[in-house]
Each structure stands twice: as C-alpha cells, then as structure tokens.
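Colleague: Could you give me a close look at the largest pocket and then follow the elements around it outwards? To start, how do the residues of its lining divide into nonpolar, polar and charged?

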Amino acid sequence: MDELRAIAARVAASAAELVHRRRTEGVRVAASKSSIVDVVTDADREAEDLVRSMLADLRPTDGVLGEESGAASGTSGLTWVVDPIDGTVNYLYGIPHYAVSIAVVEGDPRPDTWRALAGCVHNAATGESFTAAAGAGATVGDRSLTVAPAVELEQALVGTGFGYTPEKRAEQGRTVAALLPRVRDIRRMGTASLDLCAVADGRLNAYFESGLQPWDHAAGALIAVEAGARVVGRGGVPADHRSIIAGPPEVVTRLEALLDEIAPLG
Ligand code: LIP
C-alpha cells in the first residue's frame with residue numbers, strides 16, 4: 001500500500017508540474033465532449049499520456065482507466081483510475097483550483113465494485129498533495145487529515161457541482177435552490193476531487209453531486225474515507241455516476257434525508 005501510495009503521489013506530482021507549466025504557456029481547447037461546454041484541452045491529453053507512460057514503467061502489469069484515453073486492461077488485478085485535469089473549466093479560465101487525480105483500485109474498475117487501495121489528488125495550482133492508502137489514513141503533505149466534527153445542516157457548508165447539459169443543470173439548479181435556505185451555505189468550486197479533499201480536511205462539512213465519472217471521485221473518495229468521512233450514493237448504494245454524498249457519517253445521514261425530501265429519487 002505504501003508503495004502504491006508513493007507511486008500515485010510521484011506520478012501525480014509529475015503530471016501536475018506539466019499541467020501547471022502548460023497553463024502558464026496558454027491553454028487551447030482541443031475538443032468538446034458531452035456538450036459544447038464540456039471541453040478537453042491539449043494539456044489534458046498530454047498529462048494523461050505522461051501518467052500512462054510513467055505507470056507503464058513503474059507498474060507494467062496494471063491496467064489504466066483514464067478520462068481521455070479510456071481503458072487499458074492489465075494482468076495484475078489492479079487498475080489505475082486517472083483524471084489528468086479535474087476541474088477542466090477552472091483550468092481553461094485560469095481559476096487556480098484544478099487537480100491531477102490518480103487512484104489505484106483492485107477488481108473491476110467500476111465504482112460499485114472496486115476496492116480503492118491508494119490515491120493522490122494533487123492541486124496543480126497550489127501544489128497541495130492529498131494522499132491516502134486503505135487503512136493507513138490520509139494526509140496533505142505531512143499533515144494528517146480529519147473530517148470536521150458533525151454539525152446540524154443549518155450550520156453545514158455544503159459543496160456541490162453541476163453537469164454539462166442544460167437538462168441536467170436545470171434539475172440540479174432546482175435541487176440547490178431548495179437546499180440553500182436549509183444549510184449554512186453552498187460552495188461550487190468546480191473540482192470534485194478537491195471537493196472530496198476539502199471534506200477530508202474539514203474545509204467543507206459535506207459534499208454531494210450527481211453525474212460524476214469514476215475518475216472524478218476515485219482518489220478523493222478514498223482520501224475522504226481515510227479521514228473519517230462516509231462516502232456513499234443515495235439509497236444505500238456505492239457512490240457512482242448516479243450520486244455521491246460525502247461527510248461525517250451523521251451529516252451524510254442528515255443531508256441524504258434532506259435530499260430525499262427536496263429531490264426524491266425517481
Ligand atoms: C468536473 C468535476 C466537477 C463537476 C464538473 C466536472 P472535469 O470534472 O470535477 O465536480 O461539477 O461538472 O464534471 O470535467 O473537470 O474533469
């Protein structure tokens with residue numbers, strides 16, 4: 001585990017250095033994906049290529065599942081789940097809140113069945129490196145991470161995010177509008193992996209979202225769990241594209257109940 005954690009941190013740091021350098025040189029949109037505002041930059045692709053190359057050297061029999069290049073199976077039973085730039089829109093606009101997210105999981109690379117073993121979320125703008133290994137705790141740099149004490153929802157600072165299609169955003173906007181008067185405040189910071197690390201460090205009391213990809217939350221969810229958070233999907237299922245809720249266990253229970261009240265599952 002320690003070796004896997006160290007590899008995740010080393011590879012993420014190398015990719016983050018490249019991502020940061022490319023940001024200073026200027027960022028170009030290479031293509032759009034699910035909608036005209038769901039973009040991929042040249043740096044996304046270049047960073048994922050670097051990650052894949054380093055992992056091929058360091059862990060040649062492992063698989064890789066990356067946002068930009070898809071899945072490559074291995075023979076070891078382990079798969080590295082990679083988001084080369086999480087917070088792509090922040091990156092495109094030069095908002096200093098984006099990260100390289102790398103996790104290694106055991107079993108099928110599916111959030112509802114995998115076992116996360118180690119991971120790193122490296123904020124490429126600030127240099128903060130969040131890491132965790134299963135059963136070994138979570139840190140940022142040398143500092144241990146622990147979730148904030150449980151609070152009532154009226155005192156909870158809650159993070160969330162929105163999808164890239166108008167239909168999904170309309171639905172999410174209705175949910176946030178109903179939630180806003182029931183919590184301390186909302187933060188929409190644009191990077192799921194860093195939102196999960198914020199929960200791990202007590203910078204958010206809770207976080208929820210729907211529509212995430214596996215690479216958005218693979219590493220951040222492990223970091224949050226190792227910091228004492230509960231990370232689940234609504235309705236007692238594992239966190240996946242349908243939903244993710246993260247926070248101290250009591251706060252997750254309270255937030256899920258409120259979400260069920262204002263936005264019942266279909
Ligand atoms: C982003 C997530 C964020 C979400 C955005 C987007 P990307 O990932 O980190 O939480 O709200 O819509 O999905 O696209 O920057 O890798």
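Modeller: They divide into 13 nonpolar, 11 polar and 11 charged residues. Keep in mind that this is a predicted model. The space in the largest pocket comes to about 730 Å³. There are 35 lining residues, and the closest to the centre are D38, F162, G163, Y164 and R188. As for elements, two or more lining residues come from each of β5 (78-86), α3 (88-93), α4 (166-179), α5 (192-200) and α6 (214-226). Of these, α3 gives the most, with five residues.

Now go outwards from the centre, starting with D38, one of the closest residues. That number falls between β1 (29-32) and β2 (39-41), which pair antiparallel over three bridges. A hairpin of six residues links β1 to β2. If you want a marker for the pairing, A31 has V40 in β2 as its bridge partner.

Next take β5, which gives residues to the pocket lining. β5 belongs to an open sheet of eight strands with mixed pairing, in the order β4-β3-β5-β6-β7-β8-β9-β10. The edges are β4 (70-72) and β10 (143-144); each has a single partner strand, so one side of each has no neighbour in the sheet. Further along the order, β8 (129-133) and β9 (138-140) run antiparallel and are joined by three bridges. There, F130 is bridged to V140 in β9. Helix α2 (42-58) packs on this sheet, where α2 touches β3 (63-66), β4, β5 and β6 (99-106), with a direction at about 155° to that of β5. α6, another contributor to the pocket lining, lies across β3, β5, β6, β7 (115-123), β8 and β9 and runs at about 100° to β7.

That leaves α4, which takes us on to another pocket. α4 gives two or more residues to the lining of the largest pocket, and α4 also supplies the largest share of the lining of the second largest pocket, six residues. This second pocket holds about 450 Å³ of space. Its lining has 25 residues, with E171, S210, R234, R242 and A263 the closest to the centre. Besides α4, the elements giving two or more residues here are β13 (206-209), β15 (244-247) and α7 (249-262). By type, the lining of the second largest pocket splits into 11 nonpolar, eight polar and six charged residues.

Both of those strands, β13 and β15, sit in a second sheet to look at: an open one of five strands with mixed pairing, ordered β12-β11-β13-β15-β14. At its edges stand β12 (185-187) and β14 (230-232), each with a single partner strand, so one side of each lacks a neighbour in the sheet. From one strand to the next the twist averages 20°. β14 and β15 run antiparallel, with three bridges between them, and R230 is bridged to G247 in β15. α7 packs on this sheet and touches β11 (157-159), β13, β14 and β15, and the direction of α7 makes about 145° with that of β15. In short, α7 touches β13 and β15, and these three elements each give two or more residues to the lining of the second largest pocket.

One last thing, back at the start of the chain: helix α1 (2-25) holds both E17 and R21, four residues apart, about one turn of the helix. Their side chains form a salt bridge, with 2.8 Å from N to O. The search of the whole structure turns up 19 salt bridges.

Definitions and conventions:
Residues are numbered from 1 along each chain as its sequence is written. This is a predicted model: local features need pLDDT of at least 70, side-chain atom pairs count only at pLDDT 80 or more; totals for chains, interfaces and linings use all residues. Side-chain values use heavy atoms; hydrogens and water are left out. On a 1 Å grid over the protein atoms alone, a cavity is a set of points where a 1.4 Å probe fits but cannot get out, and a pocket is an open set with protein on both sides within 12 Å along at least five of seven lines; lining residues have an atom within 4 Å of a point. Grid points are joined across faces, edges and corners, and a volume is the space filled by probe spheres set on the points. Ala, Val, Leu, Ile, Met, Phe, Trp, Tyr, Cys and Pro count as nonpolar, Asp, Glu, Lys and Arg as charged, and the others, Gly among them, as polar. Two strands pair if DSSP finds at least two bridges between them. Axes are lines fitted to C-alpha atoms, for helices over the stretch in contact, and angles run from 0 to 180 degrees between N-to-C directions. Contact means heavy atoms within 4.5 Å. A salt bridge is a side-chain nitrogen of Lys or Arg within 4 Å of a carboxyl oxygen of Asp or Glu.
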